[in-house]
Amino acid sequence: MRQNVKMTDNKIRVGYAQLCCDGDRNHMLLKAEKMIQQLFKEKSEMDILVFPEQFYQVDCCRFSDEPFGEKEYGNYYKFMSQIAASYNVNVVAGSYGVIVGEGDNCEIRNRSIAFDRHGNEIGYYDKIHLFDAFGCRESDTFSPGSALGIFKLDCGCIGVMICYDLRFPEESRAIRLKADMDLLCVPAAFYKPNSYHWDILTKAAAIYNVTPLVAVNQCGDLPNNKGFVGNSRVLDAKGNVLSTLMEDEGTGYSEIDMNHTRSARSENPEINNRRVDLYSHWMK
């Protein structure tokens with residue numbers, strides 16, 4: 001167990017892992033573990049570690065005869081809890097297909113889980129906006145969630161959305177209003193044909209919420225001719241890129257200065273400048 005370390009210098013130290021789902025579930029956990037070991041050799045102290053969406057098992061391509069989805073508290077859950085406790089780091093555990101319910105009431109959710117530094121679950125977020133676009137139908141596999149992803153960690157208040165949620169500004173704005181979030185985390189498996197959307201959407205979400213953002217994507221090509229753009233990144237509250245990866249697997253690290261966030265929000269108090277009195281009429 002590593003010595004307890006908490007944010008003391010008004011900075012949130014962020015680590016992230018960009019992976020390509022290219023094998024069965026055990027293969028992916030072993031690969032993730034090796035990458036995290038290397039990351040912590042380079043940066044021994046971190047406040048939060050973020051993984052991509054569905055790197056454990058992707059719904060659009062199978063690499064073995066393993067059934068898709070896993071029961072709650074299974075191998076993926078235990079692995080992420082152990083990573084958090086072993087490295088003394090808060091974890092936003094990407095997302096995976098979790099099977100909830102029994103019999104006729106059984107369904108699969110695209111779920112992200114937040115763990116504290118001791119490996120305790122703080123809460124989970126089930127993807128709200130399913131990717132039924134650009135020729136894909138995520139709703140054929142998953143059932144949508146309905147609750148916002150808001151988690152109180154020792155490094156701040158963290159909002160979580162998953163991939164396609166980025167295209168719906170209502171969700172991140174709702175998190176900002178309800179929680180005054182310090183950091184927005186977005187695990188993703190964002191497809192290549194619209195790679196420029198990834199750049200624009202991540203920057204836009206940081207800018208219009210005046211909130212730092214960590215967007216962690218899958219990368220690489222799949223046997224079914226689909227592929228992911230990579231380009232995982234950390235942005236500050238003005239949408240500036242603090243660190244980024246390219247199209248290959250790897251890990252990244254960045255420090256988010258919360259004094260800069262407070263300054264940005266003071267310069268641009270857009271939350272206070274909203275015209276809610278008009279919006280309610282427009283949306284009827």
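Here are a few notes on the confidence of this model and on its two largest pockets.

1. First, keep in mind that what you have is a predicted model. The average pLDDT over the protein is 94, and 97% of the residues reach at least 70. Residues 1-5 are another matter: there the pLDDT is below 50. Leaving aside near neighbours in sequence, that stretch makes 14 contacts in the model.

2. Now for the largest pocket, which has a volume of about 390 Å³. It is lined by 24 residues. If you want to find its centre, look for Phe-131, Cys-136, Ala-189, Tyr-191 and Phe-228, the lining residues closest to that point.

3. What is the lining of the largest pocket made of, by class? You'll find 12 nonpolar residues there, along with eight charged and four polar ones.

4. The second largest pocket holds about 310 Å³ of space. Its lining consists of Pro-169, Glu-170, Arg-173, Leu-177, Tyr-208, Arg-274, Tyr-279, Trp-282 and Met-283. Two elements give two or more residues to this lining: helix H3, spanning 169-179, and helix H6, spanning 276-282.

5. Which element gives the most to the lining of the second largest pocket? That would be H3, with four residues.

6. Sorted by class, the second largest pocket is lined by six nonpolar and three charged residues, with no polar ones. The largest pocket, for its part, does have polar residues in its lining, four of them.

Methods:
Residues are numbered from 1 along each chain as its sequence is written. This is a predicted model: local features need pLDDT of at least 70, side-chain atom pairs count only at pLDDT 80 or more; totals for chains, interfaces and linings use all residues. Side-chain values use heavy atoms; hydrogens and water are left out. pLDDT is the predictor's confidence in each residue, from 0 to 100. Contact means heavy atoms within 4.5 Å. On a 1 Å grid over the protein atoms alone, a cavity is a set of points where a 1.4 Å probe fits but cannot get out, and a pocket is an open set with protein on both sides within 12 Å along at least five of seven lines; lining residues have an atom within 4 Å of a point. Grid points are joined across faces, edges and corners, and a volume is the space filled by probe spheres set on the points. Ala, Val, Leu, Ile, Met, Phe, Trp, Tyr, Cys and Pro count as nonpolar, Asp, Glu, Lys and Arg as charged, and the others, Gly among them, as polar.
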